[in-house]
There are 2 protein chains.
Amino acid sequence: MTDAATVQEGPFERLSSLVAGDMAQVNRLIRERMASENAPRIPEISAHLIEAGGKRLRPILTLAASRLCGYAGEHHIRLAATVEFIHTATLLHDDVVDGSAKRRGRATANILWDNKSSVLVGDYLFARAFLLMVETGSLRVLDILSEASAVIAEGEVLQLTTAHDLTTDEARYLKVIRGKTAALFAAATEVGGVIAGAPEAQVSALATYGDALGIAFQVADDLLDYGGTSARLGKNPGDDFREGKVTMPVILAYQRGDDDARAFWRRTIVEGKQEEGDLERALVLFGDTDALTDTHARARAQADRAVAALDAFPDSEVRDALADIATFVVDRTV
Amino acid sequence: MTDAATVQEGPFERLSSLVAGDMAQVNRLIRERMASENAPRIPEISAHLIEAGGKRLRPILTLAASRLCGYAGEHHIRLAATVEFIHTATLLHDDVVDGSAKRRGRATANILWDNKSSVLVGDYLFARAFLLMVETGSLRVLDILSEASAVIAEGEVLQLTTAHDLTTDEARYLKVIRGKTAALFAAATEVGGVIAGAPEAQVSALATYGDALGIAFQVADDLLDYGGTSARLGKNPGDDFREGKVTMPVILAYQRGDDDARAFWRRTIVEGKQEEGDLERALVLFGDTDALTDTHARARAQADRAVAALDAFPDSEVRDALADIATFVVDRTV
């Protein structure tokens with residue numbers, strides 16, 4: 001992962017530097033709005049997560065999308081902060097739901113404080129996000145991000161019921177990852193176009209870009225959990241396998257497997273009875289069924305869809321950087 | 001409590017019957033919007049709570065407020081459903097935060113399903129609430145209810161940090177109960193006026209009514225936990241005492257107590273070291289310091305403030321019922 005991480009800086013950092021001035025304003029606004037006169041624990045917990053050095057990918061996407069549409073106002077700053085608040089709120093709640101102890105290399109808020117605080121501070125950030133949107137005066141933006149918030153929660157609930165369930169097919173998996181990742185990516189880019197008053201064709205292209213990028217990102221992530229197409233296990237490989245998560249590689253390997261293979265998947269994923277050597281056997285079965293290479297192909301197709309959507313915009317540094325990010329998230333899995 | 005409960009039906013039921021036609025539409029809309037094609041667990045959990053026979057007081061307040069302002073449109077139905085969704089979402093999260101096993105006489109969702117589902121379904125209902133508001137096309141409504149949601153979360157976080165803390169004064173207690181109860185009451189009545197396009201004086205009167213009613217309601221509730229002014233302990237008395245909650249009676253008794261009394265409160269509330277007879281001793285100390293009667297007086301003053309706010313409206317059955325509710329919530333504590 002370290003090599004990949006080094007390479008990874010490239011396109012993200014390039015886009016990030018293109019919107020660095022705006023991002024400084026976003027960071028100021030975030031600090032200002034996560035404050036709470038009455039409950040100092042709120043900014044403490046928010047800051048723990050927000051200032052933990054995340055990539056700020058989602059707000060950067062909003063800033064980049066509005067730049068792409070030639071926006072000259074100030075509301076994109078509020079929307080980028082909104083998107084980061086919603087993302088942070090979902091992370092706080094996710095860590096409670098998953099009982100996670102670490103995030104971005106640090107202890108999670110639910111461990112450092114408690115589950116109660118994580119739930120309530122998440123709720124506070126959601127409410128603050130909506131207040132920021134109200135300030136933009138755009139009902140359409142509120143509609144898009146409310147809908148995305150519903151899809152996120154729905155996807156998480158769906159995920160609770162898909163773990164250990166081998167009847168999960170590609171369509172259901174896609175719904176889960178739309179909720180987990182793509183819905184907020186798509187909303188983040190779409191509202192950048194909406195606030196800029198861009199033509200509908202461009203707004204819709206931005207939504208498509210975000211959706212496709214989000215799906216590519218999450219499929220690639222699920223693939224990396226098995227070491228990527230080379231199936232070389234790095235550190236912490238097979239977390240999803242151990243937790244019985246039914247991600248794309250498992251779906252393909254199960255559907256294409258023979259009776260023996262299916263029995264293996266039922267034992268390890270459905271019944272959760274795993275023994276030494278099982279992860280290695282899973283990798284062999286992935287190889288037999290082309291599960292990893294075909295998962296990679298699906299991520300690649302989504303990246304291509306993201307890049308194609310950018311045709312709605314004239315050539316520019318921002319457009320190039322957005323295209324490179326889509327390609328990059330998939331390349332890192334090889 | 002049974003006698004009180006029987007009497008209690010009076011003004012609530014009267015108001016409820018005045019808006020019964022609208023309420024039937026609200027119930028239909030609630031059922032329609034809590035659905036989720038992708039995650040059937042969402043409506044299951046929502047229905048468990050929403051259809052458990054709560055009084056629907058908050059949506060009734062919204063309907064009554066819009067009626068009071070002569071509203072003839074349809075958006076009050078959406079706003080009443082919004083208010084019930086936000087309320088239900090906060091109950092789901094509260095039960096996780098408090099680790100509650102029972103609500104309205106039934107097992108809580110966090111017990112019947114799990115904490116994860118309660119957190120996520122709460123998030124889903126929040127998002128759905130915002131989508132309903134967007135449909136009304138009123139940014140002001142979105143502003144009011146987003147702000148209320150922030151105050152609710154803030155109040156709950158504040159409450160986490162006030163338990164066992166005898167430095168809590170009346171001002172901080174007021175902030176907690178505004179978050180816990182009054183903020184949503186005030187928003188529920190205010191948006192009824194806003195959607196009706198009522199004059200500002202009436203909109204502001206409705207917000208005052210809801211705020212005062214909510215505070216009276218919660219102070220009375222906290223008083224009832226010690227049996228009301230008569231200090232006759234009914235069933236489950238002293239829950240707040242055992243949990244070390246610093247409510248109005250304790251604040252007054254501690255502030256007015258002598259050294260011995262203060263030592264008692266520190267041992268029982270701060271250190272949580274309670275033994276048999278302590279609850280009875282607390283009641284004696286309440287009597288010595290007029291803590292219960294003065295708590296009652298404060299609730300009464302809020303009820304008076306609520307009734308006075310209704311002067312902004314001409315006489316009507318709805319106005320009378322709203323006034324009676326304010327008086328009633330305090331009377332039940334005698």
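Through which surface do the copies meet, and what share of the interface residues of chain A are also interface residues in chain B? I will come to that after a few words on the model, which is a predicted one, with an ipTM of 0.91 and a pTM of 0.92.

Let me begin with confidence, taking chain A, where the mean pLDDT is 91 and 95% of the residues reach 70 or more. The stretch to treat with care is residues 1-8 of chain A, where the pLDDT is below 50, and which has 5 contacts in the model beyond near neighbours in sequence.

Turning to the fold, chain A has 16 helices and 2 strands, and its C-alpha trace spans about 60 × 50 × 35 Å along the principal axes. A compact globule of 334 residues would have a radius of gyration near 20 Å, and the 20 Å found for chain A agrees with that expectation.

As one check on helix geometry, consider helix H13 of chain A, residues 259-270: at 1.5 Å a residue its 12 residues should span 16 Å, and the end C-alpha atoms lie 15 Å apart, which agrees. After H13(A) comes Gly272(A), with a positive phi near 65 degrees.

Next, the domains. The assignment for chain A gives domain 1 as 1-136, and domain 2 as 138-319 together with 329-333. The C-alpha centres of these two domains of chain A are 22 Å apart, and 28 residues of domain 1 are in contact with 28 residues of domain 2. On the domain 1 side of that contact, at least two residues each are supplied by helices H1 (2-18), H4 (57-68), H5 (75-98) and H7 (115-136) of chain A, and by class this side has 16 nonpolar, 10 polar and 2 charged residues.

Now to the contact between the chains, which takes 37 residues from chain A and 37 residues from chain B. On the chain A side, the elements giving two or more residues are helix H3 (41-50), H5, H7 and helix H8 (139-162), and of these H8(A) gives the most, with 14 residues. By class, the residues on this side of chain A divide into 20 nonpolar, 8 polar and 9 charged. H5 and H7 of chain A therefore appear on both lists, that of the side of domain 1 that touches domain 2 and that of the side of chain A that touches chain B.

That brings me back to the opening question: 100% of the interface residues of chain A are also interface residues in chain B, so the copies meet through the same surface. As for the superposition, a turn of 180 degrees with a shift of 0.0 Å along the axis lays chain A on chain B with an RMSD of 0.0 Å. The two copies are thus related as by a two-fold rotation axis.

Conventions. Residues numbered from 1 in each chain as written. Chains lettered and ligands numbered in written order. Predicted model: local features only at pLDDT ≥ 70, side-chain atom pairs only at ≥ 80, totals over all residues. Helix = DSSP H or I, 4+ residues; strand = E, 2+ residues; numbered from the N terminus. Expected span 1.5 Å × (residues − 1). Least-squares fit on C-alpha atoms with pLDDT ≥ 70 in both. Contact = placed C-beta atoms within 7 Å. Domains from an automatic or database assignment. Nonpolar A, V, L, I, M, F, W, Y, C, P; charged D, E, K, R; others polar. pLDDT = per-residue confidence, 0-100. Rg over C-alpha atoms; globule rule 2.2 N^0.38 Å.
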